[in-house]
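Me: I have a two-chain model open and would like to talk through how it is put together. Could we go through it question by question?

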Amino acid sequence: MDNQRNNQNQQRALDHTIAKGCANLLDEIDKRLLVVLRDGRTLIGILRSVDQFANLVLQQSVERIHVGDKYGDIPRGIFLVRGDSVVLIGEIDQQKERYAPLKRVEMEVILEAQRIEQEIKAERDARRAQAFKERGLLYQTEAGITEDN
Amino acid sequence: MLFYSFFKSLIGKEVVVELKNDLAICGTLHSVDQYLNVKLTDINVTDPDKYPHMLSVKNCFIRGSVIRYVQLPADEVDTQLLQDAARKESVHSRQ
């Protein structure tokens with residue numbers, strides 16, 4: 001009995017120290033969440049563990065790729081995400097998801113669409129970099145969040 | 001700790017959070033912690049065409065370190081009080 005109470009107290013103390021660190025990610029545990037990473041990638045998975053740095057463990061995770069109004073999922077398994085590469089953690093709203101004007105496509109289709117999009121972007125970046133260079137300027141591509149911005 | 005207390009006083013108000021990846025999210029401030037991580041409810045993304053993955057998200061947690069700006073409702077901020085608090089804090093830290 002005493003042992004049980006001790007355990008409870010310990011658990012409460014632990015909850016308190018964790019809760020102090022993060023704006024209560026504990027409430028989101030065991031929910032299916034969308035995580036945006038600093039390199040721009042989007043993961044969706046079930047949150048199984050979290051700590052004060054927002055390090056995450058995601059189970060049954062998929063990487064979601066959007067191209068235009070289409071999206072596709074690539075199965076990725078279990079993910080341990082280091083806290084400093086997390087940008088945003090979103091709760092998926094079933095209703096909002098249903099009414100979103102997006103179309104789900106197969107993995108191969110979305111990968112091909114992404115490849116084409118990246119090619120177009122690379123070409124455009126190269127053109128811009130060239131134009132900037134001719135004017136004596138340095139062109140920086142718009143990427144995700146890096147250490148220095 | 002000043003800004004932590006300040007943001008706590010804004011809980012329940014509508015704010016726009018601009019991130020370092022140029023994503024701007026408008027939502028109701030639900031909670032904030034010591035790292036200035038914030039939780040927003042009922043969010044809207046200012047440019048949904050550019051960030052389609054946010055269309056299915058209603059509530060979200062944003063890591064404090066990726067926030068660039070927070071736009072506040074002007075009439076909810078008592079700048080005089082904030083100035084006084086900042087002075088008080090600087091005096092405290094000098095002692």
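Reply: Happy to! One definition to begin with: the expected span of a helix is 1.5 Å times one less than its number of residues. Please keep in mind that this is a predicted model.

Me: With that in hand, what span is expected for helix H2 of chain B, residues 79-94?
Reply: Helix H2(B) has 16 residues, and the rise used is 1.5 Å a residue. From its first C-alpha to its last, H2(B) reaches 23 Å, which is close to the expected 22 Å.

Me: How many residues of H2(B) are buried?
Reply: A residue counts as buried if 20 or more other C-beta atoms lie within 10 Å of its own. H2(B) lies largely in the open, because of its 16 residues the number buried is 0.

Me: What is the order of elements along chain B?
Reply: Chain B has 2 helices and 5 strands. Its C-alpha atoms fill a box of roughly 50 × 25 × 20 Å along the principal axes. Read along the sequence, the pattern is α-β-β-β-β-β-α.

Me: And what is the order of elements in chain A, from the N terminus on?
Reply: Chain A comes to 3 helices and 6 strands. From the N terminus on, they run α-β-β-β-β-β-α-β-α.

Me: Which strands stand at the edges of the sheet?
Reply: The sheet is open, with 11 strands and mixed pairing, in the order S6(A)-S4(A)-S3(A)-S2(A)-S1(A)-S5(A)-S4(B)-S3(B)-S2(B)-S1(B)-S5(B). An edge strand has a single partner strand, so one side of it is left without a neighbour in the sheet. The two in that position are S6 (103-104) of chain A and S5 (67-71) of chain B.

Me: Where the sheet passes from S5(A) to S4(B), how many bridges join the two strands?
Reply: S5(A) and S4(B) run antiparallel. Within this pairing, Ile89(A) stands opposite Phe61(B) in S4(B). The number of bridges joining S5(A) to S4(B) is 5.

Me: Which element gives the largest share of the side of chain B that touches chain A?
Reply: The contact takes 27 residues from chain A and 23 residues from chain B. On the chain B side, the elements giving two or more residues are S2, S3 and S4. By class, that side has 11 nonpolar, 7 polar and 5 charged residues. The largest share, 6 residues, comes from S4(B).

Me: Which residues touch the most other members of the largest nonpolar core?
Reply: In soluble globular proteins, nonpolar side chains tend to be buried together. Here the largest nonpolar core has 33 residues, and strands of both chains each supply at least two of them, including S5 (86-92) of chain A and S4 (57-62) of chain B. The residues touching the most other members are Val35(A), Ile89(A), Leu40(B), Cys60(B) and Ile62(B).

Me: Leaving out residues up to four places away in sequence, which residues of chain B does Ile89(A) touch?
Reply: Within chain A, Ile89(A) touches Leu25(A), Glu28(A), Leu33(A) and Val35(A). Its contacts in chain B are Cys60(B) and Phe61(B).

Me: Is Ile25(B) buried or exposed?
Reply: Ile25(B) sits in strand S2 of chain B. Leaving out residues up to four places away in sequence, Ile25(B) touches Val17(B), Leu40(B), Ile43(B) and Val45(B). With 23 other C-beta atoms within 10 Å, Ile25(B) is buried.

Me: Which residue in S2(B) is the bridge partner of Val15(B)?
Reply: Strand S1 (residues 14-19) of chain B pairs with S2(B) in the antiparallel sense over 5 bridges. The C-alpha atoms of Val15(B) and Ile25(B) are separated by 8.3 Å. The bridge partner of Val15(B) is Gly27(B).

Me: Which residue has a positive phi in the turn between S1(A) and S2(A)?
Reply: S1(A) and S2(A) run antiparallel, joined by 5 bridges, and Arg32(A) stands opposite Ile46(A). They form a hairpin with 4 residues between the strands. The residue with a positive phi, about 95°, is Gly40(A).

Me: And in the hairpin of S2(A) and S3(A), which turn residue has a positive phi?
Reply: S2(A) and S3(A) pair in the antiparallel sense over 7 bridges, with Leu47(A) partnered by Leu58(A). Between the strands lie 5 residues, and the one with a positive phi of about 65° is Ala54(A).

Terms used: Residues are numbered from 1 along each chain as its sequence is written. Chains are lettered from A and ligands numbered from 1 in the order in which they are written. This is a predicted model: local features need pLDDT of at least 70, side-chain atom pairs count only at pLDDT 80 or more; totals for chains, interfaces and linings use all residues. A nonpolar core is a set of buried Ala, Val, Leu, Ile, Met, Phe, Trp, Tyr and Cys residues joined through C-beta atoms within 7 Å. A residue is buried if 20 or more other C-beta atoms lie within 10 Å of its own, exposed if 12 or fewer, and partly exposed in between; C-beta atoms are placed from the backbone. Two residues are in contact if their C-beta atoms, placed from the backbone, lie within 7 Å. Ala, Val, Leu, Ile, Met, Phe, Trp, Tyr, Cys and Pro count as nonpolar, Asp, Glu, Lys and Arg as charged, and the others, Gly among them, as polar. Two strands pair if DSSP finds at least two bridges between them.
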